[in-house]
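Biologist: Could you take me through one part of this protein up close? I would enjoy a connected account that starts with a single helix and then moves outward to other places worth viewing.

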Amino acid sequence: MVSAYSQYAWLIPLFPLLSFLILTAAGRTLRGAGPYISIVAAFASFVLAVLIFWERVSGGVEDFTWNKLQWLRLGDTSLTMGFEVTNLNALMLVVVTLVSLLVNIYSTGYMHDDERIHVFFAYIALFTFSMLGLVISENLVQLFIFWELVGVCSFLLVGFWYFKPEARAAAKKAFIVTRVGDVGLFLGMLLLFWVMPEHSLSFSAITNAFNQGQIPEATATWIAILIFIGAMGKSGQFPLHTWLPDAMEGPTPISALIHAATMVAAGVYLVARTYPIFMEAPTALTVVAAVGAFTAIFAATIGTAQNDIKRILAYSTVSQLGYMMMALGIGTSVALTAGIFHLFTHAFFKALLFLGAGSVIHAVHTQDIHEMGGVGRHMKVTAWTFAIGALALSGIFPLSGFWSKDAILTEALVQGHPVLFAVGLIAAFFTAFYMSRLFFLVFTGTSRSPQGGHAHESPVSMTFPLMVLAVLAVAAGFVFTPFNPWLGGWLTGEAHEEHANYLVMVLSTLAGLLGIGLGYLMYYKQSVRSDLVSGPAPGLYTLLSRKYYIDELYQLVIVRPLQGIGSLLHLFDVYVVDGVVRLCSYAVTGAGRLGSRMQNGQVQTYGLATLLGLLILMLALAGRRFIDAG
């Protein structure tokens, strides 16, 4: 059946693009109305995305592709642009537009007093347009264009408060580190272009070529690994994760947008979108699973020793993205569904947590959790909604995080990957521990700052998105459970017969409860010393608080050598290249000055010059004859 709404999917990114153009053209004249223009555009995109999603969920609708716009022709090869709607990107369209809409509404309160609020909303609109364009791209070249535009928007928004040196540094770091990954993606695209039949980079052609085994496994492995390097940069996988925690220097609504629905989701979506390539490359799948598992536990341990509320949530995002990559690396259609399902649920509870953190920061004017305390008594809506998000992230039954995390752990166990399963359980324990630590230090106890004692609940524009996201954090998990497996068949087109694995449910719940219980005893009841680790093993605590010294290692191994090479090149440029240029300049200037002195209009000077010239000529002729005679 032909879709009634999918043919209009190109309008979904167009609405925020129009908002960006209007806000940019109008400037300060729309400072008051600008936020509402952005909200209306986001709402229009969300409504159309929901209509497309509902139509596809209802069944009987084929994938829709339009690629009639010829963009570039190279000999017999033509590069086109267009859009494509599948079940996977229909789901992503709903996630991106909904979170973007809620972030827009929230930002009207959070950024109300900012002088550049119109610029902020223009950037959000451009960011949303870029991500939506990436999602509906019909081919890999078009996706790469929007992929880079997403990176530009992250640079603009992370460095929005450019007057802060930390924000400028974080923006540059985010841009440069993700560009490293993008080089891998670009090389993968070039290799794919070279080996594909007719050099087509459309996703439908890629799927057909790899499903039919037209590409050798060795070549598929290199292509998949290069594509994954690009995904590692965007989705903050080790070792390209360092930009993500520093990106917290941007406004908190942007942190929510980056971590929940746009930039970091792009990497996971890219791997899922090109999954036929990975399915033909078992070695690449192993790399994806290993990197994802290591990142999940690596970031989870770091999160236990951080004190900045947003930085804790940032490392949580890195860890959860590791879960998603680990699932994709298992290499089955069920694992693919589990990874995308976790991306779906994570978008809601992570957006909730970041916006809740922003609500607290807005009230107490600090991001250090040790300078908070007792906030829950004054901010009940924020406290309760944040608690729901924290429990969902910790994988507590029956919230959404429980179902999506268990889907990943179950598939790891069923497919015979006990190491991945164990890593997932340990990471779940650490996740529950650092989230309970954060919650009890921030929302319970007594205030530890002057502002905290006078904290008050945020305005409705900020609490309304929190309540919506809290409902979704509870309910979103029920779209795919062992008792309701329709999502897997809908996403992949393969029938899924899921069975409840009660062992996994019990073990994952115990891991979460143990983490929460330890945090409760340490930071609420205080019956267990909070320096349980830092006391007997201060070196270990320092290692975690300094993030395993990865930034320092990069500074030593990469940054300083490059700075040294740059200094040498600068000296060469100044003293050699510029030196030769200056020498030529001085020579020409000197010759000009000598000529101007000789051409002074005095006859005796001209006569002397003539006589000297004649003398030089005579000496030259005499010398020539002497040489010939000899």
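Modeller: Gladly; what follows begins with the whole chain, settles on one helix, and then visits a few other sites.

Please keep in mind that this is a predicted model. The protein has 630 residues, and 54% of them count as buried. Its secondary structure comes to 25 helices and 2 strands. Along the principal axes, the C-alpha atoms fill a box of roughly 110 × 65 × 55 Å. Among contacts with a separation of 6 or more, 78% are between residues 24 or more positions apart.

Now to the close look, which is at helix 14. This helix runs over residues 309-330, 22 residues in total. From its first C-alpha to its last it reaches 32 Å, close to the 32 Å expected at 1.5 Å a residue. Is helix 14 mostly covered or mostly uncovered? Helix 14 is mostly covered, with 22 of its 22 residues buried.

Both ends deserve a moment. At the start of helix 14, D308 places a side-chain oxygen within 2.9 Å of the backbone nitrogen of K310. At the other end, the residue that follows the helix is G331, and its phi is positive, near 85°.

From helix 14 we can step across to helix 13, which covers residues 282-303 and holds A296. The C-alpha atoms of A296 and G322 are separated by 4.4 Å, although the two residues are 26 apart along the chain. A296 also touches S319, Y323 and A427, besides G322 itself, when residues up to four places away in sequence are not counted. With a relative accessible area of 2%, A296 falls under the 20% limit and is therefore buried.

A427 leads on to another pair of helices. Helix 17 (residues 400-414) and helix 18 (residues 418-443) have axes that come within 8 Å and cross at roughly 155°. Angles over 145 degrees count as roughly antiparallel, so that is how helix 17 and helix 18 lie to each other. On the helix 17 side, the contact is made by K405, L409, A412 and L413. Helix 18 contributes L420, F421, G424, L425, A428 and T431. How do the residues of this contact divide? There are 7 nonpolar, 2 polar and 1 charged.

Two further buried residues have polar side chains that are worth following. One is R56, in helix 2 (residues 34-58). Its relative accessible area is 3%, so R56 is buried. The side chain of R56 makes a polar contact with the side chain of N87, at 2.7 Å. Apart from residues up to four places away in sequence, R56 touches S6, V61, E62, D63, V85, T86, N87, A90 and W490.

The other is T178, which lies in helix 6 (residues 165-195). T178 has 0% relative accessibility and therefore counts as buried. A polar atom of its side chain lies 2.6 Å from the backbone oxygen of A174. Beyond its neighbours within four places in sequence, T178 is in contact with G233, W243 and M263.

To return to where the close look began, helix 14 has D308 at its start and G331 after it, and G322 is among the residues that A296 touches.

Conventions
Residues are numbered from 1 along each chain as its sequence is written. This is a predicted model: local features need pLDDT of at least 70, side-chain atom pairs count only at pLDDT 80 or more; totals for chains, interfaces and linings use all residues. Side-chain values use heavy atoms; hydrogens and water are left out. Axes are lines fitted to C-alpha atoms, for helices over the stretch in contact, and angles run from 0 to 180 degrees between N-to-C directions. Helices (H or I, at least four residues) and strands (E, at least two) are DSSP runs, numbered from the N terminus. Angles under 35 degrees count as roughly parallel, over 145 as roughly antiparallel, 65 to 115 as roughly perpendicular and the rest as oblique. Contact means heavy atoms within 4.5 Å. Ala, Val, Leu, Ile, Met, Phe, Trp, Tyr, Cys and Pro count as nonpolar, Asp, Glu, Lys and Arg as charged, and the others, Gly among them, as polar. The expected span of a helix is 1.5 Å times one less than its number of residues. Buried means under 20% relative accessible area, exposed over 50%, partly exposed in between (1.4 Å probe, protein chains only). A polar contact is a pair of N or O atoms within 3.5 Å; within protein, one must be able to donate a hydrogen and the other to accept it, and residues adjacent in sequence count only if both atoms are side-chain atoms.
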